[in-house]
Amino acid sequence: MSTKSPFHPATLLLHEGSERTPFGETSEAMFLTSGFVYDDAEQAEATFLGQAQRYQYSRFGNPTVATFERRMAALEGAEACRATATGMAAVSSALLAHLKTGDRIVASRALFGSCHWIVSTLLPRYGIESVFVDGGDHAAWAEALGKPTQCVLLETPSNPMLDVLDLRMIADLAHAAGAVVVVDNVFATPLLQKPLELGADVVVYSCTKHIDGQGRVLGGAVLGRKQWIEDTLQPFLRNTGPAMSPFNAWVLLKGLETLALRVPAMARNAAEIADFLAGQPEVARVWYPTRADHPQQALSLRQMQGGGTLVTFALADKTAAFRFMNALELIAISNNLGDSRSMVTHPATTTHMKIGAEERAALGITDGVIRFSVGLEDVRDLLDDLRRGLRAASAGLSGTGELAAE
Ligand SMILES: *Cc1c(COP(=O)(O)O)cnc(C)c1O
């Protein structure tokens, strides 16, 4: 179902979907308007009858948002795209638009926190059966998909342990069970992994991450077949209203212009940092999809065009992790990711606190685990900052020589 643009990604990220107004502007115009006017009452009637195709109201569609959607669709190789206000609006709309009472969803256990909440807590409230499986366990997928299922949701590489799931294998099992496969492709980005080419039906993004990538706006996107987007998703979006602001669409278009420069540069830094960390005595373990010590390295090399911009590693315990983070001077402590600025997170006490100790243990998130979203800084400066943090972790002292606050 994948469709191809005649342009390579770096080119289409600048040009695809642009529509100049008669003023001949260079940059995309920003149509910061909530609604649109009609020439006469007949035109309004024809529009509402579906006989005339035009913009009516920005909850249903907007020219700047549509430009962003066309560019995203071309980048993904998807037939159609709809933009949403946030990544969570994209995930929740895709699931709620598709599922109904009595349906069944099978999801990988290692999901972004709010996606996990939707599957474990929200959907069952509406009488939708939800089943979690360990994403790397083929037998568990085969068993869970042994009965009719309407939807499969998964994330690969996963947050924060960077498990890599076999998209082709899971899609084949899911399709045999009658399910639509929804892939949250945030960690890989549209440049490094093409789920639609590997059998997925729907791809969702938090555009807040790499697509903006500069810490400015929230946004989301749902991509898939034209028929599913128009018949299943669009009525849900139109009537429930998780629309993307045209201002945010315009900012995200600026983000897309440099995506093909930023992501490979961040991924190069990440690969170098993963190799550095693996050689440090304070580091118990490193996870990076394309490294030889990653359990799914062969699959990562087959399925992805690079290891991505995140590196996860384990220090001895929570104390070491906090000392490390508090000693950093360049790398920020933040739960965000995919930004051009480097950021570290301690999942056990932040993003993955609410799932509880038992679920964290099942996912391998120990108290020493740190997730590092690698940015665009000069890698030599990042390595210096990491050395400073590791010294503090091992000495029990912060980088400034004072006792670290706990
Ligand atoms: C951030 C994120 C989301 C949610 O996106 P928002 O834009 O914050 O709503 C969903 N999935 C993954 C994997 C994410 O990293």
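In this predicted model, Cys207 is buried, with a relative accessible area of 0%. Cys81 is likewise assigned to the buried class, at 3% relative accessible area. The two residues do not form a bond: the sulfur of Cys81 lies 7.4 Å from that of Cys207, its closest cysteine sulfur, and this distance is too far for a bond. A disulfide requires the sulfur atoms to be within 2.5 Å. Seen from the other side, Cys207 takes part in no disulfide, and the nearest cysteine sulfur to it belongs to Cys81, 7.4 Å away. A search extended to the whole structure returns zero disulfides.

The ligand is found in the second largest pocket. The shell around the ligand comprises 13 residues, of which Met88, Asp184, Ser206, Thr208 and Lys209 come nearest. Two helices, H4 (87-98) and H9 (208-212), each supply at least two residues of this shell. Several short distances between N or O atoms of the protein and the ligand were computed. In the side chain of Asp184, an N or O atom is placed 2.7 Å from a nitrogen atom of the ligand. The side chain of Ser206 has an N or O atom 2.8 Å from an oxygen atom of the ligand. For Gly87 the backbone is involved, with an N or O atom 2.9 Å from a ligand oxygen atom. The ligand taken alone exposes 380 Å², and 92% of that area is buried by the protein.

The loop between strand E4 (151-155) and helix H7 (167-176) contains Pro157. The peptide bond joining Thr156 to Pro157 is cis, with omega at about -5 degrees. Pro160 is located in the loop between E4 and H7 as well, and the bond leading to Pro160 from Asn159 is also cis, with omega near 0 degrees. Leu162 belongs to the loop between E4 and H7. The phi angle of Leu162 is near 60 degrees, a positive value in a residue that is not glycine. Leu162 has a relative accessible area of 2% and is therefore classed as buried, since the buried class covers values under 20%.

Leu165 is a further residue of the loop between E4 and H7. With a relative accessible area of 3%, Leu165 is buried. In sequence, Leu165 and Leu261 are 96 residues apart, and their C-alpha atoms are 26 Å apart in space.

A positive phi value also occurs at Thr189, where the angle is near 70 degrees in a residue other than glycine. Thr189 is part of helix H8, which spans residues 189-192. The relative accessible area of Thr189 is 1%, so this residue is buried.

Ala393 and Pro124 are both helical positions, the former in helix H16 (residues 379-395) and the latter in helix H5 (residues 113-125). Ala393 is buried, at 11% relative accessible area, whereas Pro124 counts as partly exposed because its relative accessibility is 35%. That value falls in the interval between the buried limit of 20% and the exposed limit of 50%. The C-alpha atom of Ala393 is separated by 7.8 Å from that of Phe322, and these two residues are 71 positions apart along the chain. For Pro124 and Asp103, 21 residues apart along the chain, the C-alpha separation is 9.8 Å.

Pro347 is situated in the loop between strand E11 (343-345) and helix H15 (356-363). Its relative accessible area is 1%, which places Pro347 in the buried class. Pro347 and Leu32 are 315 residues apart in sequence, and the distance between their C-alpha atoms is 38 Å.

Technical notes: Residues numbered from 1 in each chain as written. Predicted model: local features only at pLDDT ≥ 70, side-chain atom pairs only at ≥ 80, totals over all residues. Heavy atoms only, no water. Buried < 20%, exposed > 50% of the residue type's maximum accessible area, 1.4 Å probe, protein only. Near = heavy atom within 4 Å. Polar contact = N/O pair within 3.5 Å; in protein donor to acceptor, adjacent residues only side chain to side chain. Areas by Shrake-Rupley, 256 points an atom, 1.4 Å probe, with all protein chains shown as cover. 1 Å grid on protein atoms, 1.4 Å probe; cavity = no way out; pocket = protein on both sides within 12 Å on 5 of 7 lines; lining within 4 Å. Sits in = over half its atoms within 2 Å of the grid points. Helix = DSSP H or I, 4+ residues; strand = E, 2+ residues; numbered from the N terminus.
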